[in-house]
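Open the model in your viewer and keep the selection tool handy. We will go from stop to stop, choosing a few residues at a time.

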Amino acid sequence: MNLTSMKLHRINKFIGSTSALGIAVALYFGAPNIAAYYQSQKPDAKTSISVNEYNRVPIFLFHNLDGEGRYAISRHEFRRYLELIKEEQVDVISLSELYEASKTNKRFQRPSCVITIDDDFKNIVRIAAPLLREFSYPASIFVYINNISNDPRAGTSWEDLDRLRKEGFEIQNHSYSHTMFHVPRSNESPENYYSRVTKEIITSREILEERLPGLKIYAFAYPMGYHSPSLKERLFHADYSLLLTTDASTVNLDSPFTGTFDRFTIQHLENGDYKNTFRRLLIKAKIPAENEAYPVKQLASDEQSSDS
Ligand SMILES: [Zn+2]
C-alpha cells in the first residue's frame, strides 16, 4: 500500500467508522448550540473580558489549487474552504503564532486555525495569494529549492517569494528536491545517505536564507509526509524548531510541545465529501477548552478515531 492509498484508506476508514461518524454527526447537528454558546460568550465590548479559552487548533494543508489531478481542488473549492472558515467565525492565525503559543501552552481567546500550502508554486501567486488577500488570511508556504524558477511561466520565482514574504506570508522549508529521504535507499552507503540528507535539510535552508535575506527558517515540512525517528533527530540536531507532518490530528495547546505539528491534508475526494470533515474540524476548534457539555474524554476519542 503506497502513501496515497494509505491516506485514502485512513480517510475512508474514518468516514466509514460508525463511532466517529456518530460523534461527527452529533457535533455537526450540535453546531447551532455551539454557535449560540459561542455568541453568548463573546468578549464584552465595554469590558473586553473574555471568559473563553480555546486549545484545539487544526492546521490545514492545501496542495494543488488548479483543479487538475486526483488530489487537486479547484480554485472555487479553495474559495469555498475559506468561506467556511469565515462562516464558522474561526480566526486564521499564522503558523509562527501557533508555534509560540504551543511552546508555552498558552490558549487562545478566539477559536483559531492555521493554513499551510505545500508545493503548488504556480498557483500560489495566481490563485492562493489573491484569495488569501481577499479574506485577509495569513498562510505559511512551504517551498522546495528545485521548484523555484526564474521563468515566470514555470512557476514561482525568488522575486515572487520575496514579495510574498514582505507582504506577510510565511515562507518555510520543504526540502531541496522533494524526494524520499526518511530512510536510506537500498544499497545506499551511510556516508552517501548522510550527505543526501544534509543537502535536503541543511543546504536547502542555506539557499533559502541566502536568497531571501532576513528570512529565518525554523520549520520543515516532510516531503509527501514521510518521516522517521532518525530523520526527526537529524532535523532537531540541525536546529529546526518545528516539524510538520501530514498525520491528521489537531494541535492541542494543553499538551506538552513536542516540536512536531500534524496537519490535515485537504484534497478533493471523488467518493467522499471532505467538506464535512473540514467543517467538523472548525466546529471542534470552537469548543471552549473548559466546557462540560463537550467532555474532554469524548473529544479525545473523536480525535483518536480520526487519527487511526
Ligand atoms: Zn510536498
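Start by selecting residues 140–143, strand β5, together with residues 170–173, strand β6: in this predicted model, the two pair in the parallel sense over four bridges. To find one of the links, show S140, whose bridge partner in β6 is E170.

Now add residues 112–118, which form strand β4. β4 and β5 also pair in the parallel sense, here over three bridges. Pick I117 and look across to β5, where I141 is its bridge partner.

Stay on β5 and turn on its side chains. Which residues point one way from the strand, and which the other? S140 and F142 share one direction, while I141 and V143 take the other, and all are buried. The general pattern is that side chains in a regular strand alternate between the two faces of the sheet.

I141 leads to the next stop, the largest nonpolar core, which has 57 residues. Select F60, C113, V114, I141, I266 and L282, the residues with the most contacts inside this core. Helix α6, residues 121–135, gives the most to the core, with six residues. In soluble globular proteins, nonpolar side chains tend to be buried together.

Centre the view on F60. Leaving out residues up to four places away in sequence, what does F60 touch? Its contacts are C113, V114, I115 and T116, along with R263, F264 and I266.

Next, colour α6 and add helix α4, residues 75–87. Their axes come within 11 Å and cross at roughly 25 degrees. That angle is under 35 degrees, so α4 and α6 count as roughly parallel to each other. The contact is made by R75, F78, R79, L82 and K86 on the α4 side and by I127, L131 and F135 on the α6 side. As for handedness, α4 passes α6 in a right-handed crossing.

For a change of scene, go to K216, in the loop between α8 (190–211) and β7 (219–221). Is K216 buried or exposed? K216 is exposed, because 12 other C-beta atoms lie within 10 Å. Then show Q172 as well: K216 and Q172 are 44 residues apart in sequence, yet 8.3 Å apart in space, C-alpha to C-alpha.

Finally, zoom out to the whole chain. Eleven helices and eleven strands are there to colour. Of the 308 residues, 34% count as buried. Among contacts between residues at least 6 apart in sequence, 70% join residues at least 24 apart.

Key: Residues are numbered from 1 along each chain as its sequence is written. This is a predicted model: local features need pLDDT of at least 70, side-chain atom pairs count only at pLDDT 80 or more; totals for chains, interfaces and linings use all residues. A nonpolar core is a set of buried Ala, Val, Leu, Ile, Met, Phe, Trp, Tyr and Cys residues joined through C-beta atoms within 7 Å. A residue is buried if 20 or more other C-beta atoms lie within 10 Å of its own, exposed if 12 or fewer, and partly exposed in between; C-beta atoms are placed from the backbone. Two residues are in contact if their C-beta atoms, placed from the backbone, lie within 7 Å. Two strands pair if DSSP finds at least two bridges between them. Axes are lines fitted to C-alpha atoms, for helices over the stretch in contact, and angles run from 0 to 180 degrees between N-to-C directions. Angles under 35 degrees count as roughly parallel, over 145 as roughly antiparallel, 65 to 115 as roughly perpendicular and the rest as oblique. A crossing is left-handed if the near helix is turned anticlockwise from the far one by less than a right angle, and right-handed if clockwise.
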